[in-house]
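Q: I would like a close look at one aromatic part of this model. Please start there, then move outward to its other local features.

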Amino acid sequence: MSDLERPRIVNPEMDELRFDDDSEVFRRLLTPEIICNFRASQVPFSRIPDGFILDPAAGSGGQLAAYGEKLRRDCVGVELSPQRAVHCANSLTRLGHDSATLAICGDGLDSEGVMALVRKKIGDVKVAMLHVDPARPLDAQNHSISEMEPPLRPLLEAWSNYLEVGEFGVSLLLDLSPRLASKQQIEVEAIVRELFPDVNVMWEWLSRGGGRVDRLTIHTGGLAQEDGEVRCIRLHRDGSFDVLSGRMGVNDIEWLNIDPTVGEILALIDPVVIRSGLRVAYEIGAGQEGEIKWVHDSDRRPMAILNEELQGDCTSRAFTSIHGRVEERIEGSLNLMMIDSLAASAMRYGLSGVQIRCACDPKMHTKIVNRLDLILGDTEGERGFLVDAPDGNSLFLCKKIP
Ligand SMILES: C[S@@+](CC[C@H](N)C(=O)[O-])C[C@H]1O[C@@H](n2cnc3c(N)ncnc32)[C@H](O)[C@@H]1O
């Protein structure tokens, strides 16, 4: 191994390499601050063994710094890219407490080289918790686990002897791609269970309410309360969150091939509920177990017919993008020509605004919204929304339940 390939400690003050904050690739890799803080707030401190927190693919170091700030533990970040390693070193300097921090430029798979530096700078300590957010192909809709960088199995194998086994086993948080298909999820879990037999494993799907799964993580040991537990998190803009939890289902939703009818309550459900298999937890949270009809299995806008309105304080409300009573079925798909008659319908039902929640060409979307606003702008009334019927050939105009 040449000197250049050996891991080296990065000093943010002395390092000649400046990071390029504006790089698009770099920004797309960053974990949003709100998620870093949420994760750090969720680590059950008392369940994590002694030792340091390791991020062997640390990127900007934002997540590592959030853990360090919250847990007041020593932190070690390893990053292959020299520019990002400097960024990581900078992030860690914001930790003002007495704990040691180390930003290392090198290969996160080189556990021996990294540990040699850790021993020199921090002492003879082990890893209390390993967090990894591997890089993956940016634009692929699906990808295989072998495309993760660093690759998961060699990474976990390289570190397995340096992980502290606490009362609850090794504590890992693997930040996986939300695009990972169920087959790959099973592969990841099999690797974890093979390398760390008997450890508790928990899966978590996180949504920020934009109609998609934002993060998919697997937690083990002290980070997982119960083996086989599944959680859905709806993280709100102010950092508060709602939780739905249950046990891993086997995609037990029976999708009915029926359409809602006028007067029924139609709901668009957060996709995390479907992807995590927490249908029953959603129904219980809504106070309507066994009474909800699941009618449209869609990636962005799964749809259900509820038995009754969701109460303001029920857990499932946070996992419902929107719900309302069906007022009218409109034939055809959304286009500019139908706006006048749509606005006339909206006025007939006392709606002063209609949110477009159906498929719509993005170029047309603004025109349609502006035109509707122009017509309905002066009216007073309740809010409505428009969704696609499951067959895609018609629309439902609904009155939103506030
Ligand atoms: C998804 S990013 C991590 C982003 C990080 N969570 C953040 O918020 O900045 C993955 C990082 O792993 C780095 N990486 C890939 N292979 C690596 C390896 N073998 N060793 C260390 N870092 C690696 C990439 O350079 C990239 O910065």
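Which residues form one aromatic cluster?

A: W255, Y282 and W294 form it. Keep in mind that the model is predicted. The cluster is best read against the aromatic pairs of the whole structure, where a search finds five.

Take the phenylalanine pair as a reference. The ring centres of F38 and F241 are 4.9 Å apart, and their planes meet at 75 degrees, so this pair is edge-to-face. F38 belongs to helix α2 (residues 33-42), while F241 belongs to strand β10 (residues 241-247). The pair therefore ties together parts that are 203 residues apart in sequence. Its two members differ in exposure. F38 is buried, at a relative accessible area of 4%. F241 is partly exposed, at 30%.

Now the cluster itself. The rings of W255 and W294 have centres 6.1 Å apart. That distance is within the 6.5 Å needed for rings to pair. Their planes are at 85 degrees, so this pair too is edge-to-face. An angle over 60 degrees is what earns that label. W255 sits in the loop between β10 and β11 (265-269), and W294 sits in strand β12 (residues 293-296). Here the pair ties together parts that are 39 residues apart in sequence. Loop and strand members again differ in exposure. W255 is partly exposed, with a relative accessible area of 26%. W294 is buried, with 3%. Y282 joins these two tryptophans in the cluster.

One more ring deserves a look, this time with a charge. The charged end of R47 sits over the ring of F168, and it is 3.8 Å from the ring centre.

Next comes a buried serine. S276 is part of helix α8 (residues 271-276). Its relative accessible area is 1%, so S276 counts as buried. Its side chain has two backbone partners listed here. It reaches the backbone oxygen of V272 at 2.7 Å. It also reaches the backbone nitrogen of L278 at 3.3 Å. Leaving aside residues up to four places away in sequence, S276 touches W205, V230, C232 and M248.

Helix α10 shows burial along one side. The helix spans residues 339-348, and its residues I339, L342, A343, S345 and A346 are buried. These residues cover an arc of only 160 degrees around the axis, which puts them on the same side of α10. The general geometry of a helix helps here: an α-helix has 3.6 residues a turn, so residues three or four places apart point the same way. What does that buried side meet? The buried residues of α10 pack against strands β14 (320-331), β15 (351-356), β16 (382-388) and β17 (394-400), and against helix α11 (362-376). G350 follows α10, and its phi is positive, near 75 degrees.

Then the ligand. It is surrounded by 19 residues, and the closest are T31, S60, E79, R84 and G108. R84 also makes a polar contact: a polar atom of its side chain lies 2.8 Å from an oxygen atom of the ligand. Two aspartates approach ligand nitrogen. A polar side-chain atom of D107 lies 2.8 Å from a nitrogen atom of the ligand. For D133, an N or O atom of the side chain is 2.9 Å from a nitrogen atom of the ligand.

Last, the unusual backbone. Most residues other than glycine have a negative phi, and most peptide bonds are trans. Three sites depart from this. E149 and P150 are joined by a cis peptide bond, with omega about 0 degrees. P150 is in the loop between β5 (127-132) and α6 (152-159). R72 is not a glycine, yet its phi is positive, about 55 degrees. R72 is placed in the loop between α3 (62-71) and β3 (75-79). With a relative accessible area of 54%, R72 is exposed. D198 is not a glycine either, and its phi is positive, about 75 degrees. D198 is in the loop between α7 (182-195) and β7 (201-207). D198 counts as exposed, at 80% relative accessibility.

Back to the starting point: the cluster is W255, Y282 and W294. Within it, W255 is partly exposed, whereas W294 is buried.

Key
Residues are numbered from 1 along each chain as its sequence is written. This is a predicted model: local features need pLDDT of at least 70, side-chain atom pairs count only at pLDDT 80 or more; totals for chains, interfaces and linings use all residues. Side-chain values use heavy atoms; hydrogens and water are left out. Rings of Phe, Tyr and Trp (its six-membered ring) pair if their centres lie within 6.5 Å; planes under 30 degrees apart count as stacked, over 60 as edge-to-face and the rest as tilted. Helices (H or I, at least four residues) and strands (E, at least two) are DSSP runs, numbered from the N terminus. Buried means under 20% relative accessible area, exposed over 50%, partly exposed in between (1.4 Å probe, protein chains only). A charge sits over a ring if NZ of Lys or CZ of Arg is within 6 Å of the ring centre and within 35 degrees of the ring normal. A polar contact is a pair of N or O atoms within 3.5 Å; within protein, one must be able to donate a hydrogen and the other to accept it, and residues adjacent in sequence count only if both atoms are side-chain atoms. Contact means heavy atoms within 4.5 Å. The arc is that of the directions from the helix axis to the C-beta atoms. A residue is near a molecule or strand if one of its heavy atoms lies within 4 Å of it.
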